[in-house]
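Thanks for making the time this morning. I would like to walk you through one structure, taking the overall fold, then one helix, and then the charged pairs.

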Amino acid sequence: MYFSLYCILLTVLNIVASSRVLELSDKFIDISSDGMWFVKFYAPWCAHCRRLEPIWAHVAQTLYNSPIRVAKVDCTRFPAVATHFKVRAYPTIMFIKGSFYHEYNGERLKEEMVNYALRMSQPAIQKVSHADSIGYLKEAHPVFFGYIGKQQGPLWEMYTLHAEKYQPHTWFYSMSHEMVMNEFKPPNETALFVYKEDDIFFFEASSAVFEDKEALNVSLDKWINSERFGFFPKITRSNINDLMDTEKYIVIAVVSENKLSEITQTERDFKDMIEGIIKKRKRELHHRFQFGWMGNPELANSIVMSELTVPHLIVLNSTTSHHHIPDDDPVLMTPEAVSIFLDQIHDQIAPAYGGNSWPVRLYRGFFEARTTLTNMWRGNPVLTALVFGLPLGFLSLICYSVCCADILDADEEESSDTHEKKD
């Protein structure tokens with residue numbers, strides 16, 4: 001009886017949550033500039049859209065009391081909406097604010113999407129007026145950027161420009177020098193910093209860079225892009241390309257998550273050991289290395305173009321696409337051994353594999369095609385046989401017909417020549 005009541009209550013809660021999602025029509029084109037919208041563009045036949053449906057309902061429930069309206073639109077019924085917003089794939093998630101709309105490309109998890117929507121609903125740079133707010137920012141955001149000083153001059157102009165560019169990815173604030181001079185100890189009255197997991201790193205550049213606006217623009221863009229990640233983020237297909245733009249060595253602890261996002265104790269110990277290295281040596285290592293972990297071994301296999309055991313360690317050179325793997329069994333490596341391995345990579349004396357040459361690209365394409373075919377065969381051998389067997393069968397019939405036609409034509413010509421000679 002209690003189980004039945006629990007199921008009924010759960011069903012009612014799901015219905016209430018799903019009711020928070022607004023159903024849109026083609027009239028949305030006319031009202032989209034009114035307020036803030038977080039919209040999912042979907043097609044009923046799309047399996048990815050169906051998997052996102054309960055998560056999207058929870059996003060709507062969480063943002064219900066905010067100014068953000070969470071909605072969805074069936075693009076098969078209202079193709080004009082998809083055309084207007086240039087939707088090219090399903091599902092597509094967009095944040096729309098006035099005439100501005102930005103496509104969400106992050107992880108499709110409730111917490112990630114809610115944080116993204118809340119961040120995009122605010123101004124690109126938020127002003128901090130009270131010193132007490134600094135503690136709240138540290139608790140709320142593991143990573144955020146800050147501008148210290150008067151809001152004028154080339155540095156402020158470039159900071160404003162890049163805050164708008166990187167707002168989908170992180171938080172930006174401004175504050176006075178008097179407010180934070182005792183706590184942060186900025187090197188100058190005007191400074192930029194990134195707060196990253198209980199530590200502060202200031203933007204440093206030569207005086208010539210600060211005097212040249214174009215050089216400042218390039219230098220600041222590179223700095224923000226390389227510092228906007230935490231010390232040990234999860235690496236997925238959605239953010240690995242962004243990590244490649246950091247121009248650092250990417251140190252990846254490879255483990256295998258199950259459907260419940262769980263890993264074995266051995267893998268957890270290895271992951272914690274790699275994370276502990278960057279936590280202890282962050283001042284020394286974070287300028288050259290970006291640490292992270294990967295719960296999908298298939299993505300790691302596509303990088304190294306071979307089957308890896310888990311747990312494993314990969315160091316990816318983001319500028320040359322070469323990768324390094326240790327000769328020793330990663331499970332048996334100590335933090336000291338990993339540190340020596342990283343020093344060898346930085347000194348360019350460790351063996352490098354892969355790269356971006358044409359032979360490597362061709363082999364990577366072959367490896368990924370073989371892996372895809374193997375996974376299809378393991379998942380559904382009958383369907384795989386039909387998908388690839390029928391085209392091959394038709395191709396064989398065509399080749400056989402062409403070859404047989406040539407043979408028959410040759411036999412007829414020989415027969416006619418024989419008859420002419422007899423006559």
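Let me begin with helix H12, and please keep in mind throughout that this is a predicted model. The buried residues of H12 pack against strand S11 (249-254), helix H13 (282-285), strand S12 (289-294), strand S13 (312-317) and helix H15 (335-346). H12 itself covers residues 265-280, and its 16 residues reach 22 Å from the first C-alpha to the last, close to the 22 Å expected at 1.5 Å a residue. Its buried residues are Glu 267, Phe 270, Lys 271, Met 273, Ile 274, Ile 277 and Ile 278. Seen down the helix axis, these buried residues of H12 fall within an arc of 155°, so they line one face of the helix.

Stepping back to the whole chain, there are 17 helices and 15 strands, and buried residues make up 41% of the 423 residues. If we take the contacts with a separation of 6 or more, 71% of them are between residues 24 or more positions apart.

Now to the charged pairs, of which the count comes to 14 salt bridges. Lys 72 forms one of them with Glu 23, where the closest N and O atoms are 3.4 Å apart. This pair links distant parts of the chain, with Lys 72 in strand S3 and Glu 23 in strand S1, 49 residues apart. Is each partner buried or exposed? Lys 72 has a relative accessible area of 11%, under the 20% limit, and therefore counts as buried, whereas Glu 23, at 52%, is exposed. Both belong to a network of salt bridges that links Glu 23, Lys 40, Glu 53 and Lys 72.

A second salt bridge joins Lys 165 and Asp 221, with the closest N and O atoms 2.8 Å apart. Here the link runs from helix H7, which holds Lys 165, to helix H10, which holds Asp 221, the two being 56 residues apart.

In a third, Asp 242 pairs with Arg 228 at 3.9 Å between the closest N and O atoms. Asp 242 lies in helix H11 and Arg 228 in the loop between H10 and H11; Asp 242 is partly exposed at 24%, while Arg 228 is buried at 10%.

Finally, on the surface, Leu 390, Phe 394 and Leu 397 make a nonpolar patch of about 330 Å². Leu 397 lies in helix H17 (residues 381-422) and, at 52% relative accessibility, counts as exposed.

Definitions and conventions
Residues numbered from 1 in each chain as written. Predicted model: local features only at pLDDT ≥ 70, side-chain atom pairs only at ≥ 80, totals over all residues. Heavy atoms only, no water. Helix = DSSP H or I, 4+ residues; strand = E, 2+ residues; numbered from the N terminus. Expected span 1.5 Å × (residues − 1). Buried < 20%, exposed > 50% of the residue type's maximum accessible area, 1.4 Å probe, protein only. Arc of directions from axis to C-beta. Contact = heavy atoms within 4.5 Å. Patch = residues over 30% accessible without salt bridge, like charges linked within 9 Å, V, L, I, M, F, W, Y side chains within 5 Å. Areas by Shrake-Rupley, 256 points an atom, 1.4 Å probe, with all protein chains shown as cover. Salt bridge = Lys/Arg side-chain N within 4 Å of Asp/Glu carboxyl O.
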